[in-house]
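Dear colleague,

Please find the structure below, handed over for your own inspection. My notes on what was found in it follow.

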Amino acid sequence: MTVRLYDSASREIQPLVPITPGKVGIYHCGLTVQGPPHIGHIRKEVVFDVLRRWLEQDGLEVTIIANVTDIDDKILAKGEELGEPWFSVAYRNERALHAAYEVLGCRPPTYEPRATGHVPEMIEMIETLIDRGHAYPAEDGSGDVYFDVRSWSAYGELSNQSIDDMLPAPDAPATAKRDPRDFALWKGHKEGEPQTAAWSTPWGRGRPGWHLECSAMAAKYLGHRFDIHGGGLDLRFPHHENELAQSRAAGQDFAQIWMHNAMLNLGGSKMAKSVGNTLMVSEVVKRVPAPALRYYLAAAHYRSIIEFSEEALAEAATAYARIEGFVTRAGELVGAGKLGTIPARFAEAMNDDLSVPAALAVLHNEVAEGNKAISAGDRVLVAELLAGVRAMLDVLGLDPVTWAGSAASSNNETLAVLVDQLVARRTEAKAEKDFAAADLIRDQLSAAGVELEDTPAGTRWSVKGM
RNA sequence: GGUGGGUUGGCCGAGAGGCGAGGCAACGGACUGCAAAUCCGUGUACACGGGUUCAAAUCCCGUACCCACCUCCA
């Protein structure tokens with residue numbers, strides 16, 4: 001059974017046929033580190049992390065390259081504004097990005113190349129493009145080098161647009177572009193920009209153009225032909241269109257499948273710093289448990305817009321708590337055990353263009369069966385269902401057993417001693433039919449965020465939101 | 001002006017010609033000292049107007065509204 005993915009270039013579902021059997025190379029556009037990541041940014045990370053986990057459990061060896069754009073106009077402007085070196089701004093935000101990966105259980109990419117570390121590769125590529133007649137240095141002495149869109153007849157193939165229908169870039173008249181749609185491969189150094197943000201080239205000092213970095217880095221780490229190129233839908237044009245044009249014009253074959261995740265909206269428009277409707281990952285995980293946020297971001301199909309709402313986020317947290325509750329109770333009964341077999345229907349859903357919603361339906365059914373098995377005391381069945389449920393959760397990066405390991409320190413022993421004492425006192429009160437005293441203890445614990453559950457095997461407790 | 005996508009029950013969210021995905025909420029019941037958790041049961045929704053068909057949420061035509069992109073953007 002093969003994985004089928006929607007290819008934005010052909011606008012059709014395509015089977016994923018690895019170029020090298022058993023291996024898959026994926027490039028996805030990382031962040032321009034001009035600020036810390038918001039939950040829209042991290043949605044993309046979750047999507048590609050789930051893709052990677054799914055391919056890996058299928059036995060494929062996955063190489064993921066996600067770039068960090070650590071130099072651009074906004075980063076330079078931010079440094080200027082804060083009176084801080086631009087590279088310090090970029091690095092701080094890159095660390096914030098890594099913290100967000102970590103907190104949401106996204107495994108780091110195989111490698112995260114930085115644009116500033118790949119200037120020689122870019123220069124080489126520009127030379128190739130100039131030699132082949134697809135790029136030209138600006139004649140106004142600006143030091144810019146442009147890609148000549150009219151020289152590449154396939155330009156527009158990714159976004160299905162023809163050059164003449166496109167609106168020209170507004171800055172075009174002020175530059176030496178032959179066609180207003182030509183874009184910068186390389187940007188000449190400008191008066192007032194720090195010298196640390198300029199590199200020597202045959203065309204003078206300057207800095208990388210955004211589109212070219214990705215082409216150069218993808219080629220370096222994945223070769224001239226690779227399996228999947230991904231990113232947010234907002235990058236489809238111009239960024240990915242331009243990447244594709246450059247790389248093909250330079251004689252490369254480039255990506256076989258283009259995957260674009262839909263945006264996360266808030267208040268009716270895309271979450272973006274420029275709109276001012278951002279919610280930082282670091283803030284949201286203070287309000288809901290991190291796996292609940294991950295569940296929320298992963299639960300909708302990756303090609304569907306998520307219109308963010310607090311209500312929907314809270315629902316996701318409740319839904320995840322139900323799953324987590326089963327895993328915890330089943331684990332107490334039969335031990336955590338190992339990951340089991342993934343049900344066929346779950347696999348079918350995931351193979352069908354990563355249909356997480358359908359996969360979750362299977363997962364919830366298995367949880368319901370598991371809960372029944374717990375009630376029936378069927379330990380063999382509980383163990384089997386638990387193993388399967390955990391295998392599915394692992395693919396989604398949502399296995400509570402794994403998460404509990406990382407959160408163990410916060411569930412500290414002092415707390416456990418205190419709560420156990422109170423629970424014991426309440427059990428005594430119940431035995432003496434002093435329900436008022438018993439309820440008081442339960443209410444006090446509840447007010448402190450500790451929830452109790454009476455079961456045939458005794459009282460269980462858990463800290464809300466953990 | 002061009003390109004792509006969308007509008008599904010109280011809410012979220014799949015599906016893509018016939019059989020009510022799943023979750024959340026609500027209501028009833030079982031269990032419980034009471035709860036909680038869990039289980040059982042309860043809902044006939046697909047923007048609007050036409051059309052095709054034995055059969056349309058699903059296909060076709062039209063209309064309205066929404067989102068993304070055509071400037072930096074996950």
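Aspartate 49 and arginine 53 are both buried, where buried means under 20% relative accessible area, exposed means over 50% and partly exposed lies in between, with a 1.4 Å probe and protein chains only. Their side chains form a salt bridge, 2.8 Å from N to O; the term stands for a side-chain nitrogen of Lys or Arg within 4 Å of a carboxyl oxygen of Asp or Glu. The two residues belong to helix 1 (residues 39-57) and are four residues apart, about one turn of the helix. Helices (H or I, at least four residues) and strands (E, at least two) are DSSP runs, numbered from the N terminus.

Please note that this is a predicted model, in which local features need pLDDT of at least 70 and side-chain atom pairs count only at pLDDT 80 or more, while totals for chains, interfaces and linings use all residues. Residues are numbered from 1 along each chain as its sequence is written, chains are lettered from A and ligands numbered from 1 in the order in which they are written, and side-chain values use heavy atoms, with hydrogens and water left out.

Further salt bridges

The whole structure holds 29 salt bridges. One of them joins glutamate 45 to lysine 44 at 3.2 Å, N to O, and both of these residues are buried. Another, at 3.0 Å from N to O, connects the side chains of arginine 150 and aspartate 164. This pair links distant parts of the chain, 14 residues apart, with arginine 150 and aspartate 164 each in the loop between strand 6 (145-147) and strand 7 (183-188). Arginine 150 is partly exposed, at 43% relative accessible area, whereas aspartate 164 is exposed, at 59% relative accessibility. In addition, Asp73, Lys187, Glu193 and Arg207 are joined into one network by salt bridges that share partners.

The surface near RNA strand B

Which residues are the closest to RNA strand B? They are Lys74, Trp210, Gly232, Leu235 and Lys270, among the 58 residues that surround the strand; a residue counts as near if one of its heavy atoms lies within 4 Å of the molecule or strand. By residue class, this surface divides into 21 nonpolar, 20 polar and 17 charged residues. Here Ala, Val, Leu, Ile, Met, Phe, Trp, Tyr, Cys and Pro count as nonpolar, Asp, Glu, Lys and Arg as charged, and the others, Gly among them, as polar. Helix 11 (residues 356-376) supplies the largest share of the surface, eight residues.

On the RNA side, sugar or phosphate accounts for 64% of the atoms of strand B within 4 Å of the protein, and bases for the rest. Individual polar contacts (pairs of N or O atoms within 3.5 Å; within protein, one must be able to donate a hydrogen and the other to accept it, and residues adjacent in sequence count only if both atoms are side-chain atoms) include the following:

- Asparagine 160 has a side-chain N or O atom 2.9 Å from a phosphate oxygen of RNA strand B.
- Asparagine 265 places a polar side-chain atom 3.4 Å from a sugar or linking oxygen of RNA strand B.
- Aspartate 439 has a side-chain N or O atom 2.9 Å from a base nitrogen of RNA strand B.

Strand pairing

Strand 3 (residues 23-28) pairs with strand 4 (residues 61-66) in the parallel sense, over six bridges; pairing requires that DSSP find at least two bridges between two strands. Within this pair, glycine 25 stands opposite threonine 63 in strand 4. Together with helix 1, strands 3 and 4 make a right-handed β-α-β unit, right-handed meaning that the path from the first strand over the helix to the second runs clockwise when the strands point away from the viewer.

Backbone details

The peptide bond from phenylalanine 237 to proline 238 is cis, with omega near 5 degrees, and proline 238 is placed in helix 6 (residues 236-249). Glutamine 252 follows in the loop between helix 6 and strand 10 and is buried at 10% relative accessibility. Its C-alpha is 5.0 Å from that of histidine 224, although 28 residues separate glutamine 252 and histidine 224 in sequence.

Two residues other than glycine with positive phi deserve a look. Phenylalanine 254, in strand 10 (residues 254-261), has phi near 70 degrees and is buried, with a relative accessible area of 0%. Lysine 433 has phi of about 60 degrees; this residue lies in the loop between helix 14 (413-431) and helix 15 (435-447) and is exposed, at 64% relative accessibility.

With kind regards
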